[in-house]
There are 2 protein chains.
Amino acid sequence: MKEYFQDHMPENVCFGCGIHNPDGLHIKSYWDGEEAVCNWESQEKFHGWANLLNGGIIATIIDCHCMCTAMAHSYKLEGRSLDSEPEYRYATGTLNIKYLKPTPNDKLLQLRATVIEVKGKKTVLECGLYSEGVKTVEAQAIAIRVFDGSQHDGGNLFK
Amino acid sequence: MKEYFQDHMPENVCFGCGIHNPDGLHIKSYWDGEEAVCNWESQEKFHGWANLLNGGIIATIIDCHCMCTAMAHSYKLEGRSLDSEPEYRYATGTLNIKYLKPTPNDKLLQLRATVIEVKGKKTVLECGLYSEGVKTVEAQAIAIRVFDGSQHDGGNLFK
């Protein structure tokens, strides 16, 4: 059975990846070797042009998949489980997206992300979006660790 | 009275900017001199971290605001109204976003975009996101004209 990163993020209300957002996209990410994979199905309302997935929703699933992957990778580097302490959480520093071709909105999609560099609190990732095996979008994201359990405000550095 | 670009895009079902998407974000863009401005209010469900706007929804409103601005700018360059023929429509080539600081989810937001270069079918734009006058995100987008009225398929080059 797959272990999904998002199932280990309590109190996560994020529109893209929060299990506690009833209106969210509910992406689920897991390790497939060194790659983090997310299979996701859209809904008609998320189209941009008719029958094509909206570019901003594409950005949303890439962003969340990359941030959750940076988190999971940081735990892996320390050889500990996703439920262990301290909790690490990441926010997006930069997100660079190249739209290679239109992405159908009515087919199962797959994201595949790889960590390509870790420098202190910064994790650099590359991510591709695939529709039926064809890469339609490629992206690079920089994730910044904004919470490492040392804060005294309940966990949200942004408060 | 402001003239909104999106009111001149019939049959637009886009999640970010379509007037015909009942579940969409319904951004509205207008000229303020050389800048295209969009004032937009979020909803709670679009948070990322609690009380902060989700980074992907930020990408969505920037993306749509820039594509609609590229369209409006192309009409302006030709000295004609947004209702005139031929219809020009743009899709995103690249979208590069830098998240400078957290963006509150419960305050009126403003996008300000400027066209910085036009090369044939390609329009390059810069866009900032502001919360109460503070810039929280900056982005660059490349818009590609994918429809110019010469297609015979009803307008959607992506079909």
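**Exercise 1. Find what helix α1 (residues 55–77) of chain B lies across, and give its angle to β3(B).**

*Solution.* Start with the helix itself: α1 of chain B lies across β1, β2 (35–40), β3, β4 (109–119), β5 (122–131) and β6 of chain B. Now look over at the other chain, since β3 of chain A is also on the list. As for direction, the helix runs at about 135 degrees to β3(B). Keep in mind that you're working with a predicted model here.

Then try the helix in chain A. Helix α1 (residues 55–77) of chain A lies across β1, β2, β3, β4, β5 and β6 of chain A together with β3 of chain B. Its angle to β3(A) is about 135 degrees.

**Exercise 2. Walk along chain A and write down its pattern of helices and strands.**

*Solution.* Count first: chain A has one helix and six strands. Next, put them in sequence order, and you get β-β-α-β-β-β-β.

Now for the overall dimensions. The C-alpha atoms of chain A fill a box of roughly 45 × 35 × 30 Å along the principal axes. For 159 residues, a compact globule would have a radius of gyration near 15 Å, and chain A agrees with that at 15 Å. Buried residues account for 43% of the 159 residues in chain A.

Finally, check how the chain folds back on itself. Take the contacts in chain A between residues at least 6 apart in sequence: 60% of them join residues at least 24 apart.

**Exercise 3. Trace the strands β4, β5 and β6 of chain A, and say how many bridges β4(A) and β5(A) share.**

*Solution.* Step one: β4(A) and β5(A) pair in the antiparallel sense over ten bridges. To see one spot in that pairing, find Arg112(A), which stands opposite Gly128(A) in β5(A). The two strands make a hairpin with two residues between them, and Gly120(A) in the turn has a positive phi of about 60 degrees.

Step two: carry on to β6(A), which pairs with β5(A), again antiparallel, over ten bridges. Here Cys127(A) has Ala139(A) in β6(A) as its bridge partner. This hairpin has two residues between the strands as well, and Glu132(A) takes a positive phi near 50 degrees.

Step three: go to the other neighbour of β4(A). Strand β2 (residues 35–40) of chain A pairs with β4 (residues 109–119) of chain A in the antiparallel sense over five bridges. In this pair, Trp40(A) stands opposite Leu109(A).

**Exercise 4. Work out which strands stand at the edges of the sheet.**

*Solution.* Write out the whole order: β1(A)-β2(A)-β4(A)-β5(A)-β6(A)-β3(A)-β3(B)-β6(B)-β5(B)-β4(B)-β2(B)-β1(B). That's an open sheet of twelve strands with antiparallel pairing. β1 (29–32) of chain A and β1 (29–32) of chain B each have a single partner strand, so one side of each is left without a neighbour in the sheet. From one strand to the next, the twist averages 30 degrees.

Now zoom in on the place where the chains join. β3 (residues 89–99) of chain A pairs with β3 (residues 89–99) of chain B, antiparallel, over five bridges. Asn96(A) has Asn96(B) as its bridge partner, while Lys98(A) is bridged to Thr94(B). On its other side, β3(B) pairs with β6 (residues 134–147) of chain B over ten bridges.

**Exercise 5. Describe the side of chain B that touches chain A: which element gives the most residues?**

*Solution.* The contact takes 32 residues from chain B and 32 residues from chain A. On the chain B side, α1 and β3 are the elements that give two or more residues. β3(B) gives the most, with eight residues. Sorted by class, this side has 15 nonpolar, 13 polar and four charged residues.

**Exercise 6. Is Val137(B) buried or exposed?**

*Solution.* First locate Val137(B), which lies in strand β6 of chain B. A residue is buried if 20 or more other C-beta atoms lie within 10 Å of its own. Val137(B) has 25, so Val137(B) is buried. Leaving aside neighbours within four places in sequence, its contacts include Ile58(B), Ile97(B), Tyr99(B) and Leu129(B).

For comparison, turn to the largest nonpolar core, with 86 residues, where Ile62(A) and Ile62(B) touch the most other members. Beyond four places in sequence, Ile62(A) touches Ile97(A), Leu111(A), Cys127(A), Leu129(A) and Ala139(A).

Technical notes
Residues numbered from 1 in each chain as written. Chains lettered and ligands numbered in written order. Predicted model: local features only at pLDDT ≥ 70, side-chain atom pairs only at ≥ 80, totals over all residues. Pairing = 2+ DSSP bridges. Helix = DSSP H or I, 4+ residues; strand = E, 2+ residues; numbered from the N terminus. Axes fitted to C-alpha atoms, helices over the stretch in contact; angles between N-to-C directions. Contact = placed C-beta atoms within 7 Å. Core = buried A, V, L, I, M, F, W, Y, C linked by C-beta atoms within 7 Å. Buried ≥ 20, exposed ≤ 12 C-beta atoms within 10 Å, placed from the backbone. Nonpolar A, V, L, I, M, F, W, Y, C, P; charged D, E, K, R; others polar. Rg over C-alpha atoms; globule rule 2.2 N^0.38 Å.
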